[in-house]
Amino acid sequence: MIKPASRTENIRYAIRDVVVEADKLKKQGANILHLNIGNPNTFDFAPPEWMSEAVIKAIRDNKNGYADSLGIPEARQTILEEASRKGINAKDGDIVIGTGVSEVIEMCLSALVNSGENFMIPNPGYPLYNALVSKLDTGLNKYTLDENKDWEPDTDEIKRKVNEKTRAIIIINPNNPTGSLYSRKVLEGIIDIANEHNLVIFSDEIYDKILYDGETHTSTAALADDVPVITLNGLAKNYLVPGWRIGWAVFSGDQKKLENYKEAVFKLARARLSTTYPFQLAVKPALESPQDYYDKLVKKLTPRRDLTYKRLNEIEGMSVTKPKGAFYAFPRMKFEVEDDMKLIMDVLHKKHVLMVPGSGFGWEKPDHFRIVFLPQPEVLSEAYNKLEEYVKENVK
Ligand code: PLP
């Protein structure tokens, strides 16, 4: 028996774990409605043609070798221009491109946080950050997103929970799994805390182009000239190509404070050679997409968001706040639930609707779950009808 390293013991990724059970039912002939994973290409979404053409051309031009460890210059230049459009004061040499923003996040946290130190993560939040707490053997330091305040955090709570071992605060804006946006006031509050305690802010903005009702997105880094901010973004969601695995970090803020740390991240980047070459050629055409591309994407998603908000609030015993961005909702179950994973599995078995329990996002109470509203409206409608039936038949 080979004993696995203890750093893997607490790693869970519920978004994929639930699929194992769904696959068993599928093998028995069940038609599963997948509301579990933010993978647009399994629904009716595909990237813009101009991105695909750029990648195909890159492959034909034999851009198939290793690339620059920090990312190809053309892509880094485009990312810099996009950062500047968002009001971020960065320069050439402040960017690293990786294999999905996941890899970049891992490199940036690995280069910052020692075992026994901690970084603050939103609760609920994207499970990769929780997994990295285990992998890097750091302390868990969560701050709560408050459902009663449209899932915004309370900066006083963050202030209370910062301790001498805290190195960073993670922001996910727009948020996965709640679809919420952080207000400017909250962002400024977090910047003040980071400033006071010499922390680095990680601002994960991977859904920043998917905004409803005319909402606008403020990059944290645009509000912070002196505090070190790592702005994280990528092609996966805004451009519908999660499988191309292209993500990046932009370092901004006090350059003197950042210098050594940035070099440490770049060292890790060099140690793993490079990310995929041809897909980096899609960065320029992606970030230079016409406004019409984003408008169409949001227009397609809006009725799905609206339907989700309406139908879930109509189900007796459930409620949901209106997502302002991304393609997730995090509904509340107002009835007694003992174990959210068991309940989600029961819904899967009885109604063939697959969702993810709130505990998969670090949420401790078994009273929430996450819905991905990427499927077509007919599929969502059917799923919500089945969910309503489930509640009627099973909840007293
Ligand atoms: N950050 C957030 C908030 C996400 O929701 C996701 C994916 O769902 C990622 C990062 C991972 O992005 P990538 O596919 O670029 O690794």
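Three elements, H3, strand E8 (229-234) and strand E9 (246-252), each supply at least two residues of the lining of the largest cavity. Helices (H or I, at least four residues) and strands (E, at least two) are DSSP runs, numbered from the N terminus. Before going on, some housekeeping. This is a predicted model, where local features need pLDDT of at least 70 and side-chain atom pairs count only at pLDDT 80 or more, while totals for chains, interfaces and linings use all residues. Residues are numbered from 1 along each chain as its sequence is written, and side-chain values use heavy atoms, with hydrogens and water left out.

**Cavities**

Rolling a probe the size of a water molecule over the atoms shows where empty space is left. Here the search runs on a 1 Å grid over the protein atoms alone: a cavity is a set of points where a 1.4 Å probe fits but cannot get out, a pocket is an open set with protein on both sides within 12 Å along at least five of seven lines, and lining residues have an atom within 4 Å of a point. Grid points are joined across faces, edges and corners, and a volume is the space filled by probe spheres set on the points.

Across the whole structure that gives four cavities of 30 Å³ or more. The largest cavity holds about 110 Å³ of space. It has 14 lining residues, with Glu82, Ala83, Thr231, Asn233 and Trp248 nearest its centre. The second largest cavity comes in at about 50 Å³, and its lining includes Glu82, Asn233 and Trp248 along with Asp208 and Lys209.

**Pockets**

On the open side, the largest pocket has a volume of about 460 Å³. Of its 23 lining residues, Tyr13, Tyr126, Lys237, Pro242 and Arg245 lie nearest the centre. Helix H1 (14-27) and helix H4 (100-110) are the elements that give two or more residues to this lining, and H4 has the largest share with four.

The second largest pocket has a volume of about 400 Å³. It is lined by 17 residues, and Asn10, Arg12, Asn130, Ser359 and Gly362 are the closest to its centre. H1 turns up here too, alongside helix H5 (127-135) and strand E4 (139-146), each supplying at least two residues. H5 gives the most, with five.

Here is how the linings divide by class (Ala, Val, Leu, Ile, Met, Phe, Trp, Tyr, Cys and Pro count as nonpolar, Asp, Glu, Lys and Arg as charged, and the others, Gly among them, as polar).

| Lining | Nonpolar residues | Polar residues | Charged residues |
|---|---|---|---|
| Largest pocket | 13 residues | five residues | five residues |
| Second largest pocket | eight residues | six residues | three residues |
| Largest cavity | seven residues | three residues | four residues |
| Second largest cavity | three residues | three residues | three residues |

**Salt bridges**

The whole structure has 32 salt bridges (a side-chain nitrogen of Lys or Arg within 4 Å of a carboxyl oxygen of Asp or Glu). Helix H1 contains one of them, between glutamate 21 and lysine 24, at 3.3 Å from N to O. These two are separated by about one helical turn because they sit three residues apart in H1. For exposure, buried means under 20% relative accessible area, exposed over 50%, and partly exposed in between (1.4 Å probe, protein chains only). Glutamate 21 is partly exposed at 22%, and so is lysine 24 at 46%.

In helix H7 (residues 184-197), arginine 184 and glutamate 188 lie four residues apart, about one turn of the helix. Their closest N and O atoms are 3.4 Å apart, forming a salt bridge.

Glutamate 314 and arginine 311 pair up at 2.8 Å. Glutamate 314 is partly exposed at 41% relative accessibility, whereas arginine 311 is buried at 9%. Salt bridges with shared partners join Lys310, Arg311, Glu314 and Glu388 into one network.

**Two single residues**

Glutamate 152, in strand E5 (residues 152-153), is buried yet has no salt bridge. Its nearest side chain of opposite charge is lysine 324, 6.2 Å away (Lys and Arg count as positive and Asp and Glu as negative; His and the chain ends are not counted). Contact means heavy atoms within 4.5 Å; leaving out residues up to four places away in sequence, glutamate 152 touches Asp146, Tyr182 and Ser183, among others.

Glycine 93 lies in the loop between helix H3 (73-85) and strand E2 (95-99). Glycine 93 counts as partly exposed because its relative accessibility is 27%. With residues up to four places away left out again, glycine 93 touches Lys262 and Phe266.
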